[in-house]
Amino acid sequence: MHRGSTGIALEPHPDRLLPSDPTERSIARRLYDSVRDLPLVSPHGHVDPALLARDTPFGNPAELLVTPDHYVTRLLHAHGVPLRDLGLRDEDGHTAAPREVWRAFCSHWRFFLGTASRQWLEAELHDVLGVTVHPSAATADTLFDEITERLAKPGFRPRELYESFNIAVLATTDDPADDLRHHRALADDPSWAGRVVPTFRPDRYLDATHPGWPAALDRLAEASGIDTGSYRGTIAALEQRREFFRRHGATTTDHSAPDARMEFLPEAQAARLFDAVRAGNAGPGDARLLSRHLLGEMARMSSEDGMVLTLHTGVDRNHHEPTFARYGADTGHDIPLHAEFTQALKPMLRRFGTHPVFQTVLFTLDETVFSRELAPLAGFYPTVYLGAPWWFLDAPRAMRRFRDAVTETAGFHRTAGFIDDTRSFCSIPARHDTARRVDAAHLASLVAEHVLSEDDAQEVLHDLNDRQPRKAFRL
């Protein structure tokens, strides 16, 4: 870095995240160069499909880089910045103006030092938006005006950015009751050549412990046209919505559960349990048992319709209840928990572990289970793929630890490639680039140790960025 007349220059190093050892760095450069321009396969994320269907220009850098990215807002909140000052609306609808949001972000820029977010943000600012100085209190207003002006120019509309990012396929995350109008609009638009597919995310319809579960079932009934007042009706409605999603390109169902355990109850028992919970005549234990059974039903349906069951587990959602009450879900305070898979998945794998149609991708925020449980499971069961380090673990060193932990047992080809898991559209290429650099560095170390040839390493790196995510998520 150097300091110019307008601030400290923003110059991401071309060898960032590559090894410091000269021999390994040279190998890593060649490996990275072989994949740096490959199309991006994004099988799990949270970009709103309306963004691309409407193709409305981004208005300012705050709504592009700060407010939608809970990686950013949670850390600023930890440093005392209220979420309302970062563009989130509270229960009264109050929020800060975009320029004030951007000033808060810039004035706290130094607190991102050492974080994975800093890597992504620097790449977004420099590589996507052409910013050449670091954010700061002194540069905030100038940068706000510069970026806002740039976003209004040709080349920066959402569809143009999609093309410039070289995205091959983008999966969104969608409620089963969604009519998928934005996906349909894209599919019917002759001027659109991209591929955006929905993902079936039925958590609210499976969680019988949640007070809003009965109301969610009513919404499911409205969307499906099937009465969800009974167990059989609810199952039929879920099956109908899955088929609707499949017809619109979905290949995956996505599930966030407190743990990985599923139950497979006799239908009569499940129906009695459903009636009791639906009527409010059952306890928390019964509601949890029903929830696990409904998740098991998702596995059963996947064995029949071929949709990949992705399971994200080990998270305490909405950890700070006052923040949840004021700002809602997905506002940065979901916290990792201890996870267990070996016993929890045994009932499911007994039924579907060698099934010719069923397939699952497992994610966790508990890296202590990578080598102890997940790698051995994926190293035996042909239906099990290991999801990439996700969320708090999608940081460079955590991704490297994942490769170290699972590869010797499960190899590279029982893993599912990389997911960006982002709501912040411009972070997609930055996050994929980070993963490519980290994997190039890891593979370079194996080449230098004569574990792999460089040709083998290059083929593996190509697989991790194309073949593996397509295969694991059936894209």
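Of the residues that line the largest cavity, seven are nonpolar, one is polar and two are charged, and this tour of a predicted model starts there.

To see this lining, select Ala388, Pro389, Met399, Phe402, Arg403, Gly417, Phe418, Ala435, Val438 and Asp439, which surround a space of about 70 Å³. Then colour helix 18 (396-410) and helix 19 (427-448), since each of these helices supplies at least two residues of the lining of the largest cavity. If you wish to look further afield, keep in mind that a search of the whole structure finds five cavities of 30 Å³ or more.

Next, move to strand 7, which runs over residues 308-313, and select Thr310 within it. Thr310 has a relative accessible area of 1% and is therefore classed as buried, the cut-off for that class being under 20%. With the side chains of Thr310 and Asp254 displayed, look for the polar contact of 2.9 Å that joins them. Now add the other residues that Thr310 touches: leaving aside residues up to four places away in sequence, its contacts include Thr252, Thr253 and His255, as well as Val361, Phe363 and Phe473.

Finally, colour the chain by pLDDT, for which the mean over the protein chain is 96, with 99% of the residues reaching 70 or more. Select residues 1-5 as the last stop, where pLDDT stays under 50 and where the model has 11 contacts beyond four places in sequence.

Methods
Residues numbered from 1 in each chain as written. Predicted model: local features only at pLDDT ≥ 70, side-chain atom pairs only at ≥ 80, totals over all residues. Heavy atoms only, no water. Helix = DSSP H or I, 4+ residues; strand = E, 2+ residues; numbered from the N terminus. Buried < 20%, exposed > 50% of the residue type's maximum accessible area, 1.4 Å probe, protein only. Polar contact = N/O pair within 3.5 Å; in protein donor to acceptor, adjacent residues only side chain to side chain. Contact = heavy atoms within 4.5 Å. pLDDT = per-residue confidence, 0-100. 1 Å grid on protein atoms, 1.4 Å probe; cavity = no way out; pocket = protein on both sides within 12 Å on 5 of 7 lines; lining within 4 Å. Points joined across faces, edges and corners; volume = space filled by probe spheres on them. Nonpolar A, V, L, I, M, F, W, Y, C, P; charged D, E, K, R; others polar.
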